[in-house]
Every structure is written in C-alpha cells, then in structure tokens.
Amino acid sequence: DPRVAGTVVYAIYALDDIGNQAAPALTAPLTVDRIPPQAVLSGPTGSLTPTQLGGDVPVAPGTHPVRVQFNEDVVAPVRLTVRTGEDPLGVPVPVRPEGTRIFAGEVTLGARAADTLIRFRVEGSDRAGNAVTDLGGASTWRLDVTPPGPVSDLAAVPRPGGLAALSWQP
C-alpha cells in the first residue's frame with residue numbers, strides 16, 4: 001500500500017473451516033521507507049550555503065571541486081548535472097563514490113558573461129528506491145568575472161626593520 005510508511009507488523013494465523021483462529025504462528029516487522037534522501041552540495045566555499053554568503057555562491061572561471069553528501073546511504077548511479085545560464089539540459093559532472101553517502105568530482109567553468117548563474121542538479125536514490133527531490137547547500141553558483149575597482153588612497157608607513165604598513169581604499 002503506497003500510503004503506508006513506518007513499521008508494519010505482519011502476522012500469520014491459521015483458521016479452521018468454522019473460523020476458529022489459532023495464535024499467530026509468525027510475526028514479522030517490516031519498515032516501509034517512503035522518505036527520499038536529502039543531498040547537500042559543497043564546492044569552492046566548502047559547505048557554506050548561499051544564505052550564509054548573502055546570495056549565490058560567487059566563483060571564478062576554472063576547475064572547482066564539488067561534493068554531494070547524502071543524509072543516508074544511496075545506491076549507484078548518482079548523477080550530477082551542471083547548467084550554465086539558460087541551458088535547459090546541462091552537462092554531466094563525473095562523480096566518484098567516497099563511501100555510500102559522499103560523491104566527489106570536479107566541474108570546469110569557462111569564461112562567460114558576468115554574473116552567469118550556474119545551477120546543479122543531482123539524481124540518486126536510497127536503498128528503498130526513494131529518489132532525491134532537492135539539492136541543498138551551495139547548489140546555485142554565480143560566475144564572477146568582474147574585476148575589482150582600482151585601489152585608491154594607497155599609503156605606506158615605514159616600520160622598524162625595513163617593513164612598511166600599507167593601507168588603501170577599495
């Protein structure tokens with residue numbers, strides 16, 4: 001029954017022709033798992049989330065490590081896909097298992113227009129066949145190719161031992 005979740009106990013009884021029921025000959029508990037696994041993506045900022053960073057995770061073009069961590073054991077295959085900009089399909093990111101809950105790989109991001117959004121999607125399921133429905137953590141990155149503004153008001157103050165203290169305004 002697809003509505004059942006949790007632990008169900010099955011019992012086997014013998015009945016005679018007139019309906020007399022014997023004590024159960026066998027009882028067997030069965031746990032029905034209908035809860036999908038949760039997955040969290042970490043990348044160039046570790047496990048910091050966009051909320052902790054104040055928005056999307058900013059990244060530069062280049063190759064970045066990615067890790068997907070699940071809250072329970074999952075079965076292969078686990079698929080990670082990255083979409084850039086408005087790309088509807090995305091590109092597969094090869095991931096390798098590091099146990100039964102962590103999968104790691106690398107994603108290479110080429111130069112694109114400033115502030116291009118990079119979105120990740122994961123596919124996988126637990127041993128009961130429940131599919132991942134959401135990817136938490138740093139699942140949306142923003143390609144940051146805008147250089148900072150020039151330094152202004154640069155000042156150098158001599159210090160003992162041939163050192164200098166530098167200060168400036170961004």
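These notebook entries record what I looked up in the structure.

**Entry 1. Overall figures**

I noted at the outset that the model is predicted. I looked up the secondary structure and found one helix and 14 strands in the protein chain. I then took the burial figure: 24% of the 170 residues count as buried. For the accessible surface of the protein chain I recorded about 11200 Å², with 56% of that area belonging to carbon and sulfur atoms. Turning to contacts with a separation of 6 or more, I found that residues 24 or more positions apart account for 65% of them.

**Entry 2. Aromatic pairs**

I searched the whole structure for aromatic pairs and obtained two. One of them joins Phe-70 and Phe-103 in an edge-to-face arrangement, at 5.9 Å centre to centre and with 90° between the planes. I placed Phe-70 in strand S5 (residues 62–70) and Phe-103 in strand S9 (residues 102–109), so the pair ties together parts that are 33 residues apart in sequence. I checked burial as well, and both Phe-70 and Phe-103 are buried.

**Entry 3. The largest nonpolar core**

Which residues touch the most other members of the largest nonpolar core? I listed Phe-70, Leu-80, Phe-120, Val-122 and Trp-141, out of 22 residues in that core. I next asked where the members come from, and found that strands S3 (39–42), S4 (57–59), S5, S6 (74–84), S9, S10 (116–126) and S12 (140–143) each supply at least two residues. The largest share is that of S6, with four residues.

I returned to Phe-70 for its contacts, leaving aside neighbours within four places in sequence. Phe-70 is in contact with Pro-37, Gln-38, Ala-39, Val-78, Arg-101, Phe-103, Val-122 and Val-132. Two of these names were already in my notes: Phe-103 as the ring partner of Phe-70, and Val-122 from the core list.

**Entry 4. Thr-116**

I located Thr-116 in strand S10. Is Thr-116 buried or exposed? I recorded a relative accessible area of 12%, so Thr-116 is buried. Not counting residues up to four places away in sequence, Thr-116 touches Thr-84, Gly-85, Trp-141, Arg-142 and Leu-143. I had met Trp-141 before, in the core list.

**Entry 5. A nonpolar patch on the surface**

I turned to the surface and found a nonpolar patch formed by Val-151, Leu-154, Leu-166 and Trp-168. Together these residues have about 450 Å² of accessible area. I placed Trp-168 in strand S14 (residues 163–169). Its relative accessible area is 45%, so I entered Trp-168 as partly exposed.

Methods. Residues numbered from 1 in each chain as written. Predicted model: local features only at pLDDT ≥ 70, side-chain atom pairs only at ≥ 80, totals over all residues. Heavy atoms only, no water. Phe/Tyr/Trp six-rings, centres within 6.5 Å; stacked < 30°, edge-to-face > 60°. Buried < 20%, exposed > 50% of the residue type's maximum accessible area, 1.4 Å probe, protein only. Patch = residues over 30% accessible without salt bridge, like charges linked within 9 Å, V, L, I, M, F, W, Y side chains within 5 Å. Areas by Shrake-Rupley, 256 points an atom, 1.4 Å probe, with all protein chains shown as cover. Salt bridge = Lys/Arg side-chain N within 4 Å of Asp/Glu carboxyl O. Core = buried A, V, L, I, M, F, W, Y, C linked by side-chain atoms within 4.5 Å. Contact = heavy atoms within 4.5 Å.
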